[in-house]
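User: I have a structure open and would like to go through it piece by piece. Can we start with one residue and work outwards?

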Amino acid sequence: MAAKVTIPIAVLMRRRQVVQGRWSVPSWEVISVLPAEHLASRGATRELVRDGDDEAQYLWSGFALELHRDGAESYWFNLTGNNPSLYVLCHESPDGDIEPFLVTADHDQGTAGLEGDDRVFATSIPQEIYQTIERFIVDHYVPAAPKKRKRKNWMGDQNL
């Protein structure tokens, strides 16, 4: 397998209007990340998929999940953790609108987004994307050999 793998994906998000006192504010969540090879040729687009009274769903296409050899350890920790996830990083405008700009399987990159001004959403990994990540890890991740700690001789050369 190549040192870098690119998987075309799309992001499906839901926006709901939440009433807080006298104010109504938008609340966003990621519904799913979808394999989107058939949408890759269209480029980056935002489509309104569903528009109801209390919620709207948007499909953003034109994204790519990139797997890099140097991130294989982070992908491994993600997949072997309690809740394997893809992380969707989004920019938020002052009016509450959101636009995703990156999807990653790298937990460290997702955490770095939280430390900045970005909104980060975690979502489950679709089965075929999970299998691709798993194959990538098997091909590129070699765990470091465990090292046995050597005990220090606190007594030195003294015999007690």
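**Met13 and its surroundings**

User: What is Met13 in contact with, leaving aside its neighbours within four places in sequence?

Analyst: Met13 is in contact with Trp28, Glu29, Val30, Ile31, Ala56, Gln57, Tyr58, Trp60, Cys90, Ile98, Pro100 and Phe121. Contact means heavy atoms within 4.5 Å. A note on the source: this is a predicted model, where local features need pLDDT of at least 70 and side-chain atom pairs count only at pLDDT 80 or more, while totals for chains, interfaces and linings use all residues. Residues are numbered from 1 along each chain as its sequence is written, and side-chain values use heavy atoms, with hydrogens and water left out.

User: Ok. Which residues have the most contacts inside the largest nonpolar core?

Analyst: Met13, Leu65, Leu86 and Ile133 have the most contacts inside that core, which has 30 residues. A nonpolar core is a set of buried Ala, Val, Leu, Ile, Met, Phe, Trp, Tyr and Cys residues joined through side-chain atoms within 4.5 Å. Buried means under 20% relative accessible area, exposed means over 50%, and partly exposed is in between (1.4 Å probe, protein chains only).

User: Which elements supply this core with at least two residues each?

Analyst: They are β1 (4–20), β2 (23–35), β4, α1, β5, β6 (98–104) and α3. Strand β4 gives the most, with six residues. Helices (H or I, at least four residues) and strands (E, at least two) are DSSP runs, numbered from the N terminus.

User: Is there a general reason to look for such a core?

Analyst: In soluble globular proteins, nonpolar side chains tend to be buried together.

User: Back to Met13's list. Where is Ala56, and what does Ala56 touch?

Analyst: Ala56 is in strand β4. Its relative accessible area is 1%, so Ala56 is buried. Leaving aside neighbours within four places in sequence, Ala56 is in contact with Met13, Arg14, Arg15, Leu48, Arg50 and Asp51. The C-alpha atoms of Ala56 and Arg16 are separated by 6.6 Å, though the two are 40 residues apart along the chain.

User: And the two Trp residues? How are the planes of Trp28 and Trp60 arranged?

Analyst: Trp28 and Trp60 form a tilted aromatic pair, 6.1 Å centre to centre with 55° between the planes. Rings of Phe, Tyr and Trp (its six-membered ring) pair if their centres lie within 6.5 Å; planes under 30 degrees apart count as stacked, over 60 as edge-to-face and the rest as tilted. The pair links distant parts of the chain, with Trp28 in strand β2 and Trp60 in strand β4, 32 residues apart. Both Trp28 and Trp60 are buried. Together with Tyr58, Trp28 and Trp60 form one aromatic cluster.

User: How many aromatic pairs are there in the whole structure?

Analyst: A search of the whole structure finds six.

User: New topic: helix α1. Which of its residues are buried?

Analyst: In α1 (residues 72–80), the buried residues are Ala72, Ser74, Tyr75, Asn78 and Leu79. They cover an arc of only 160° around the axis, which puts them on the same side of α1. The arc is that of the directions from the helix axis to the C-beta atoms.

User: What covers them?

Analyst: The cover includes β4 (55–68), β5 (85–92), α2 (107–115) and α3 (127–140). Take Ala72, with 1% relative accessibility. Not counting residues up to four places away in sequence, Ala72 touches Phe136, Ile137, His140 and Tyr141.

User: What about Asp106: where is it, and what does Asp106 touch?

Analyst: Asp106 lies in the loop between β6 and α2. At 14% relative accessibility, Asp106 counts as buried. Not counting residues up to four places away in sequence, Asp106 touches Ser74, Tyr75 and Tyr87.

User: And Ser24: how does its accessibility count?

Analyst: Ser24, in strand β2, counts as partly exposed at 44% relative accessibility. Ser24 and Met155 are 70 Å apart, C-alpha to C-alpha.

User: Last one: what is the overall layout?

Analyst: There are three helices and seven strands, and from the N terminus on the elements run β-β-β-β-α-β-β-α-β-α. The radius of gyration is 22 Å, well over the 15 Å that the globule rule gives for 160 residues, so the protein is more spread out than a compact globule. That radius is taken over C-alpha atoms, and the globule rule is 2.2 Å times the number of residues to the power 0.38. The C-alpha trace spans about 85 × 45 × 25 Å along its principal axes.
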